[in-house]
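Please open the structure in your viewer and keep the selection tool at hand. We will go from stop to stop, and at each one you will be told what to select and what is there.

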Amino acid sequence: MKLNPLHNQVGGHDGVLSMGDDNEIIVKPVLPQELRFYEESVLHPELQTWMPAYYGTLTLTRQQPDSQLQDGQNAMPGLPTIKALNGYALTDLLSFDQAGQAQNGSEAAATAADEASKHVGDENDDECICLENISRGFSNPCVLDLKLGTQLYDDDASDEKKARLGAVAATTTTGKLGLRLTGFHVYDSDKREFIKYSKHYGKGLNEDNVLDGFRAFFAAKLGSKRMRLVIERFINDLTDFLATIETQELRMRSSSLLMMYEGDAEMFDEALLLEQEKIASVVARAKATLTESNDNDSRTTKRQTAEENGEAMDCDDDDEYSDDDDEEDDDELAQKVTDMRLIDFGHSTWVPGQGPDEGVILGVKSALTFFERLLDEDYPSEE
């Protein structure tokens, strides 16, 4: 299984990789608190819908045995190799698969777990989390990491860290607006390259010019009609996300909203057309299902009437409808126009009985205000 560098990262820490035939999985170093947050999110489905899908954990080692390199597990020099999956050593999982007929499942799993404990946890190992790659489905995504909240440190942080991060919040848009542009890149279709803005750019913005920062993010050469659609969709997403976050009793420190839109006009139109076709297909199937249900009700009524009258009825339920006829290919990659997800939970925790995170709520409301201003000032309605 090959690991690759992640090319669409605009914020966060180094060391994030991708994995899979289409780089559909993100592999990033994980803190115990973030892993716990993802695992407990199953109890909070309203928030979980805004998070990347969680697939489990990998243990990576910076030691690269010759046998693994020869097997082509990782052909790129300098990258780590996979040592364990969800706590089970990779070599033992392979042995378990090969010896499956010699042992029953519980015995083999117990053996694998015992062996894994001997191999996992070396000083050269990194525990990583496997997540959905949100950029999959875009051709040339414009990506923004928007950090939320007014507090950047945990309550149990050291005095030095509180002072340092408190100063960052006070001297940037974090303190007063509850948000900060941590980093973003925008696709330039003329030059066929990305224009990148680092975290230093975001730290240099203030209440008076942060709108210009958002303008820079929405500067892809899509034309005003497409860009208005993009911003409208993000406004809808932010409105729905705000309704969710206001009901969640948690504290998020340095979490971000990852916002993406297609930066290539041709691919944008293609993705939009596919969306419309999919909607039309869903509507058509819903109508067909309703029609079939009505037909079944009618046949049932006729059958009951015939039975009550003592009449025989030829029940030829020659139903040609099949669920398989309408099944979509789940493996087919859908192209995207926009997407927005909540990420980075290394300093996030659930706090039952303590209410929502007001700093995060302020950040979402601030983003909504700026996006609505952009629509009014830069992309007014043609009506």
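Before the first stop, one definition will be needed: a residue is called buried when its relative accessible area is under 20%, exposed when it is over 50%, and partly exposed in between. Please also keep in mind that what you see is a predicted model.

**The whole chain**

Begin with the entire protein chain selected, in which there are 13 helices and 14 strands. Of its 383 residues, 41% are buried, while the surface that the chain exposes comes to about 21,100 Å², with 47% of it supplied by carbon and sulfur atoms. If you consider the contacts between residues at least 6 apart in sequence, 78% of them join residues that are at least 24 apart.

**The five-stranded sheet**

Next, select the strands β10, β9, β8, β12 and β13, which in this order form an open sheet with antiparallel pairing. Residues 193-197 (β10) and 338-343 (β13) stand at the edges, and because each of these strands has a single partner, one side of each is left without a neighbour in the sheet. Ignoring direction, neighbouring strands here are turned by 15° against each other on average.

Now narrow the selection to β12 (residues 256-262) and β13, two antiparallel strands that are joined by six bridges. Here you can find Leu-257 standing opposite Leu-342 of β13.

**Two helices on the sheet**

Add helix α9, residues 210-217, which packs on the sheet and touches β8, β9, β10 and β12, its direction making about 30° with that of β9. Then add helix α13, residues 358-378, which also packs on the sheet, where it touches β8, β9 and β12, and its direction makes about 135° with that of β8.

**A salt-bridge network**

Which residue forms a salt bridge with Asp-212? Select Arg-215, whose closest N and O atoms in this pair are 3.0 Å apart; the two residues both lie in helix α9, three residues apart, which is about one turn of the helix. Arg-215 has a relative accessible area of 27% and Asp-212 one of 41%, so each counts as partly exposed.

Glu-377 forms a salt bridge with Arg-215 as well, again with 3.0 Å between the closest N and O atoms. This pair links distant parts of the chain, since Glu-377 belongs to helix α13 and Arg-215 to helix α9, 162 residues apart. Glu-377 is partly exposed, because its relative accessibility of 43% falls between the two cut-offs. Select Asp-212, Arg-215, Arg-373, Glu-377 and Asp-378 together, and you have one network joined by salt bridges that share partners.

**A link between two loops**

In total, the count of salt bridges comes to 19, and another one to visit is that between the side chains of Asp-22 and Arg-136, at 3.4 Å from N to O. Asp-22 is in the loop between β2 and β3, and Arg-136 is in the loop between β7 and β8, so that this pair, 114 residues apart, links distant parts of the chain. Both are partly exposed, with 48% relative accessibility for Asp-22 and 26% for Arg-136.

**Last stop: Glu-132**

Finally, select Glu-132 in strand β7, which covers residues 125-132. Its side chain makes a polar contact of 2.9 Å with the side chain of Arg-341. Leaving aside residues up to four places away in sequence, Glu-132 touches Glu-24, Ile-26, Pro-52, Ala-53, Tyr-55 and Arg-341.

Definitions and conventions:
Residues are numbered from 1 along each chain as its sequence is written. This is a predicted model: local features need pLDDT of at least 70, side-chain atom pairs count only at pLDDT 80 or more; totals for chains, interfaces and linings use all residues. Side-chain values use heavy atoms; hydrogens and water are left out. Helices (H or I, at least four residues) and strands (E, at least two) are DSSP runs, numbered from the N terminus. A polar contact is a pair of N or O atoms within 3.5 Å; within protein, one must be able to donate a hydrogen and the other to accept it, and residues adjacent in sequence count only if both atoms are side-chain atoms. Contact means heavy atoms within 4.5 Å. Two strands pair if DSSP finds at least two bridges between them. Axes are lines fitted to C-alpha atoms, for helices over the stretch in contact, and angles run from 0 to 180 degrees between N-to-C directions. Buried means under 20% relative accessible area, exposed over 50%, partly exposed in between (1.4 Å probe, protein chains only). Accessible areas come from the Shrake-Rupley method with a 1.4 Å probe; for residues, only the protein chains shown count as cover. A salt bridge is a side-chain nitrogen of Lys or Arg within 4 Å of a carboxyl oxygen of Asp or Glu.
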